[in-house]
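Visitor: I have the sequence and the model open side by side, and I'd like to go through them with you. Could you take my questions as they come?

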Amino acid sequence: MQVSVETTSNIERRMTIGVPAQEIDQAVQKRLQETARSVRLNGFRPGKVPMSVVKRRFGDSVRQEVVGEAMRDHYIKALQEQDINPAGWPKFEPKTMEEGKDLEFVAIFEVLPEIELGDLSKVEVEKPVAEVTDKDIDTMIDNLRRQQATMKEVKRKSKNKDVLTIDFKGFIEGEEFEGGAAEGHRLTLGSGQMIPGFEKAIVGGKAGEDLEIEVEFPEDYHNEDLAGKPAKFDIKIHKVEEPQLPELDQEFFKKFGIEAEDEATFREEVKKNMERELKQAVSNKVKNDVVDGLLETTELEIPAALVDQEIDRLRQDAVQRFGGQVDFQQLPKEIFEEQAKRRVKTGLLFQEVVKKNDLKAEPAQVDEKIQEIASTYEQPEEVVAHFTNNPDQKAQIESSVLEDAVVDYVLGQAKVKEKKMKYEEAVQAGQPQR
């Protein structure tokens, strides 16, 4: 086997491989003999079809099969000989494959890039500093009660927190616009579901009333055709309902998986959950900033094969979120491309930090992470056993711990600025980037 490798870009390689004709022709002959023993053709008894007939009928397809297998096998062998680690499967281009001639083919593939990490001292990280206050707990418990509320229709004027059933139709410069109308829409006043000013304008409305309001779409509205434009809405209020909040009793507590004898114990459990959420949000925000900083300070060319693999994973995740109701192929690759590129770049950069600094997921840290996760379940010992006895699950925890180690290392080099925030602001700031 003859092998030559050409570097066509920083991450692309063009490998030319030659395979002796004798090796291919012998493999083809052996495959045709196997075919002759098993093939059934009209006019011939099983196993008695002449080789000339078998070759005429099946010779081209058998050679195609043998050549395909030979290219795959010799490509893998050549990678091992050349000590090359590809980033994905190659594109094969046969140059010669005729009988009696040496097989020559080209494998075009990508390799992982050589990474030179940027100046980590230029990475800027904003770390939220927040605490869970009594007011935050009150708000959270109020939200939990409203999730379990029953509705009572009222005849009075509407107020914040009421649920209105409305029809509405929107106009810009006297013309209806797409997506600006609905019938039987249920709207909780004060929820921020509609554009600014909409909900405030209908507070005080009663069932049976027709209203006309004027509002303006925000400048940063997601639909550029509507952004910043004034609009009028015709609104019909069909029903006003007042939420009837449940009592803070043991029956209510159990709906959220909390065994509590009284409100004080319930509040303490809610506080613990909120503190866990806050800790995770701060961690997410810091990690997002670290990733942004690494991406900004390091030039990185990424293999298209890795991006395509990540796009496929994201598409599969999306199909699962839709409950399998959407065909994988119906989701355009383009809508996942930027997210996939960010993930691939992040993974490569984290791997480089790990390699350059010999970072490891220490067993004690892995155990601590498992204990932390288990503490959120009713039977933590079962969760610990699950992760401990399941290698794949434990590997995911080890990977998470290693990511934390990378973040900690970068933070040690970066410019970290603490910023005081309210609980809700910190949680919002820590929303994971997709």
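Visitor: Which helix gives the most to the lining of the largest pocket?
Guide: That is H11, which contributes 11 residues to the lining of the largest pocket. Please keep in mind, as we go on, that this is a predicted model.

Visitor: And which helices supply at least two residues each of that lining?
Guide: Helix H6 (263-297), helix H9 (363-374) and helix H11 (391-413) each supply at least two residues.

Visitor: How many residues line the largest pocket, and which lie nearest its centre?
Guide: The lining is made of 30 residues, and those nearest the centre are Gln-280, Ser-283, Lys-369, Ser-400 and Asp-404. The volume of this pocket is about 1,200 Å³.

Visitor: How do the lining residues divide into nonpolar, polar and charged?
Guide: For the largest pocket, the lining has nine nonpolar residues, eight polar ones and 13 charged ones.

Visitor: OK, what about the second largest pocket: how much space lies in it?
Guide: The second largest pocket holds about 890 Å³ of space. Its lining counts 24 residues, with Lys-287, Arg-343, Thr-346, Gly-347 and Glu-403 lying nearest the centre. Two or more lining residues come from each of H6, helix H7 (304-321), helix H8 (334-357) and H11.

Visitor: Which of those gives the most?
Guide: For the second largest pocket it is H8, with nine residues. The lining as a whole divides into nine nonpolar, eight polar and seven charged residues.

Visitor: I see Glu-310 in that part of the chain. Is it buried or exposed?
Guide: Glu-310, which is found in helix H7, has a relative accessible area of 9%, and it therefore counts as buried, the limit being under 20%. Leaving out residues up to four places away in sequence, Glu-310 touches Ala-340, Arg-343 and Val-344. Of these, Arg-343 also appears among the residues nearest the centre of the second largest pocket.

Visitor: Back to H6 for a second. Is Lys-279 buried or exposed?
Guide: Lys-279 lies in helix H6, and its relative accessibility of 55% makes it exposed. If you look for Val-129, you will see that it is 150 residues away from Lys-279 along the chain, while their C-alpha atoms are separated by 9.9 Å.

Visitor: Let's switch to strands. How do E5 and E11 pair?
Guide: Strand E5 (residues 124-129) and E11 pair in the parallel sense, over six bridges. To find one of the pairs on your screen, start from Glu-124, whose bridge partner in E11 is Lys-415.

Visitor: How many residues of E11 are buried?
Guide: The number is zero out of the six residues of strand E11 (residues 415-420), so this strand lies largely in the open.

Visitor: And what joins E3 to E4?
Guide: Strand E3 (residues 91-96) and strand E4 (residues 103-110) run antiparallel and are joined by five bridges, and Lys-91 has Ile-108 as its bridge partner in E4. The two strands form a hairpin with six residues between them, and Gly-100 in the turn has a positive phi of about 85°.

Visitor: Which residues other than glycine have a positive phi?
Guide: Two examples are Glu-173, with phi near 55°, and Asp-358, with phi of about 50°. Glu-173 sits in the loop between strand E7 (163-172) and strand E8 (175-188), whereas Asp-358 sits in the loop between H8 and H9. Glu-173 is exposed at 79% relative accessibility, and Asp-358 is exposed at 56%.

Visitor: One more residue: where is Arg-63, and what is it in contact with?
Guide: Arg-63 belongs to helix H2 (residues 51-82) and is buried, with a relative accessible area of 12%. Apart from its neighbours within four places in sequence, Arg-63 is in contact with Ile-24, Asp-25, Val-28, Met-97, Glu-98 and Glu-99.

Visitor: Last topic, then: what does the domain assignment give?
Guide: The assignment gives domain 1 (2-110), domain 2 (150-244) and domain 3 (253-430). The C-alpha centres of domain 1 and domain 3 lie 45 Å apart, and the contact between them takes six residues from domain 1 and seven residues from domain 3.

Technical notes:
Residues numbered from 1 in each chain as written. Predicted model: local features only at pLDDT ≥ 70, side-chain atom pairs only at ≥ 80, totals over all residues. Heavy atoms only, no water. 1 Å grid on protein atoms, 1.4 Å probe; cavity = no way out; pocket = protein on both sides within 12 Å on 5 of 7 lines; lining within 4 Å. Points joined across faces, edges and corners; volume = space filled by probe spheres on them. Helix = DSSP H or I, 4+ residues; strand = E, 2+ residues; numbered from the N terminus. Nonpolar A, V, L, I, M, F, W, Y, C, P; charged D, E, K, R; others polar. Buried < 20%, exposed > 50% of the residue type's maximum accessible area, 1.4 Å probe, protein only. Pairing = 2+ DSSP bridges. Domains from an automatic or database assignment. Contact = heavy atoms within 4.5 Å.
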